[in-house]
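Q: Please take a close look at one part of this model, the strands and how they pair. Then follow the chain outward to whatever adjoins them.

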Amino acid sequence: MTPFMGKLISKLFLAQSAMAGTFMPEQGTAIAKQVDNLYGFLIIVSFVSCAILIGGMIYFAVKYKRKTANDKTPYITHDTRLEVLWSVVPLIIFLTVFAWGWVIYHEMRSMPANALEIQVTGKQWAWAIDYKNGVKSTQLVVPIHRDVKLILTSEDVIHSFYIPSFRIKQDAVPGRYTTMWFRAEKMGEFHVFCTEYCGTSHSAMMTRVRVVTQEEFDKWLTEESEVGLLSLAEQGAKIFQTRACASCHNVDSAAVKIGPSLWRRWGTEANVDGEAKIKFDENYVRESILLPQAHIATGYPKPSPMPSFQGQLSESQLAALIEYIKGLN
Ligand code: CUA
């Protein structure tokens, strides 16, 4: 690379980061910086390619312009070196972008262990946020410098939870759980938008993430819960009794009642008839409650005598039940 090109590229990089500061939402996480760097690289590559392409076109148009009436176009077939060059250089650039993008994507999609888990439910047209201690909120309040994992679902149609300043978004899909995580590195309030068209008030389906210190967060959480609420797991325990789940499922020993015991099952692998093992997690428990016939545990009668609770439990009741089952050990 010539020194001129080197200078140009470093100038472009400066311009890009200045631009990011002006036109892009502020960077609230470390991932946001990484995303912006990749984006900056793409802008620079596009800029340089555009200059070479358009500049070359103009240069050749002028240089090979027909000058006299008898001017003859020279007979040119091809140049192997040139063809290799314009195939290999873009290939290297594409592979770089792919590898770079993959590294960031992988980090975004690998859920950290011991993250603070928060349940987020989309419905037309608001976000409902449930904390483990039973606090319900319409705003997402999180401590700074702490891994936060959101478990998302929807009551009705597909929504998408997007925090521009954190450069992350994730669909909230009815009938299943999806996850996303972030670690806020900046205090303050950040926008949350719904980025999946979900009906009349889609554009008004907004909330905020408020990033506070750990002490402020603990204080907020305690104050909110002093409304006399039960924790999410306690709500789940109640539902477990009132919906008679306890008549078929043991919760304090491995002994089988009518259905499998739920004691110490969380995170294990469930044997299912005629199929590979299924992870005993949020989605499996949810499916077993709503569609008990879908995956019957090995050794249990078919069809399963368990009734479906489809349409009988709200999303937050399901979340409470799952939280309860999660803690059975
Ligand atoms: Cu919810 Cu768009």
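**Strand pairing and its surroundings**

A: Strand 2 and strand 3 pair in the antiparallel sense, over two bridges. One residue pair can be named here: Ile129 has Ser137 of strand 3 as its bridge partner. This is a predicted model.

Now widen the view. Strands 2 and 3 belong to an open sheet of five strands, in the order 3-2-1-5-8. The pairing in this sheet is mixed. Strand 3 (136–137) and strand 8 (178–183) are the edge strands. Each has a single partner strand, so one side of each is left without a neighbour in the sheet. As a general point, strands of a sheet pair through backbone hydrogen bonds, either parallel or antiparallel.

Next, the link between strand 1 and strand 2. Trp125 sits in the loop between strand 1 (116–123) and strand 2 (126–130). The peptide bond joining Gln124 and Trp125 is cis, with omega about 0°. Most peptide bonds are trans. A cis bond also joins Lys302 and Pro303, where omega is about -10°. Pro303 lies in the loop between helix 6 (282–290) and helix 7 (315–326).

Step back to the loop that leads into strand 1. Asn114 is placed there, between helix 3 (80–109) and strand 1. Its phi is near 60°, a positive value in a residue other than glycine. Asn114 is exposed, since its relative accessible area of 75% is over the 50% cut-off. His145 also has a positive phi, near 55°, and is likewise not a glycine. His145 lies in the loop between strand 4 and strand 5 (147–154). Its relative accessible area is 45%, so His145 counts as partly exposed. For background, most residues other than glycine have a negative phi.

Strand 4 leads to another sheet. Five strands form this open sheet, in the order 4-10-9-6-7, and the pairing is again mixed. Its edges are strand 4 (140–143) and strand 7 (168–172). Each of these has a single partner strand, so one side of each lacks a neighbour in the sheet. On average, neighbouring strands of this sheet are turned by 25° against each other, direction ignored.

Look inside this sheet at strands 9 and 10. Strand 9 (residues 188–194) and strand 10 (residues 206–212) run antiparallel, joined by six bridges. Val192 has Thr207 in strand 10 as its bridge partner. A helix lies across part of the sheet. Helix 4 (residues 214–225) lies across strand 4 and strand 10. Helix 4 runs at about 135° to strand 4.

Finally, return to helix 3, on the other side of the Asn114 loop. The axes of helix 2 (residues 30–63) and helix 3 come within 10 Å and cross at roughly 165°. That angle makes helix 2 roughly antiparallel to helix 3. Their crossing is left-handed. From helix 2, the contact includes Ile31, Leu38, Phe41 and Val45. From helix 3, it includes Ile93, Val97, Trp100 and Ile104. By class, the contact of helix 2 with helix 3 has eleven nonpolar, four polar and one charged residues. Gln34 and Asn37 are among the helix 2 residues in this contact, and Glu107 is among those of helix 3.

Terms used. Residues are numbered from 1 along each chain as its sequence is written. This is a predicted model: local features need pLDDT of at least 70, side-chain atom pairs count only at pLDDT 80 or more; totals for chains, interfaces and linings use all residues. Side-chain values use heavy atoms; hydrogens and water are left out. Two strands pair if DSSP finds at least two bridges between them. Helices (H or I, at least four residues) and strands (E, at least two) are DSSP runs, numbered from the N terminus. Axes are lines fitted to C-alpha atoms, for helices over the stretch in contact, and angles run from 0 to 180 degrees between N-to-C directions. Contact means heavy atoms within 4.5 Å. Buried means under 20% relative accessible area, exposed over 50%, partly exposed in between (1.4 Å probe, protein chains only). Angles under 35 degrees count as roughly parallel, over 145 as roughly antiparallel, 65 to 115 as roughly perpendicular and the rest as oblique. A crossing is left-handed if the near helix is turned anticlockwise from the far one by less than a right angle, and right-handed if clockwise. Ala, Val, Leu, Ile, Met, Phe, Trp, Tyr, Cys and Pro count as nonpolar, Asp, Glu, Lys and Arg as charged, and the others, Gly among them, as polar.
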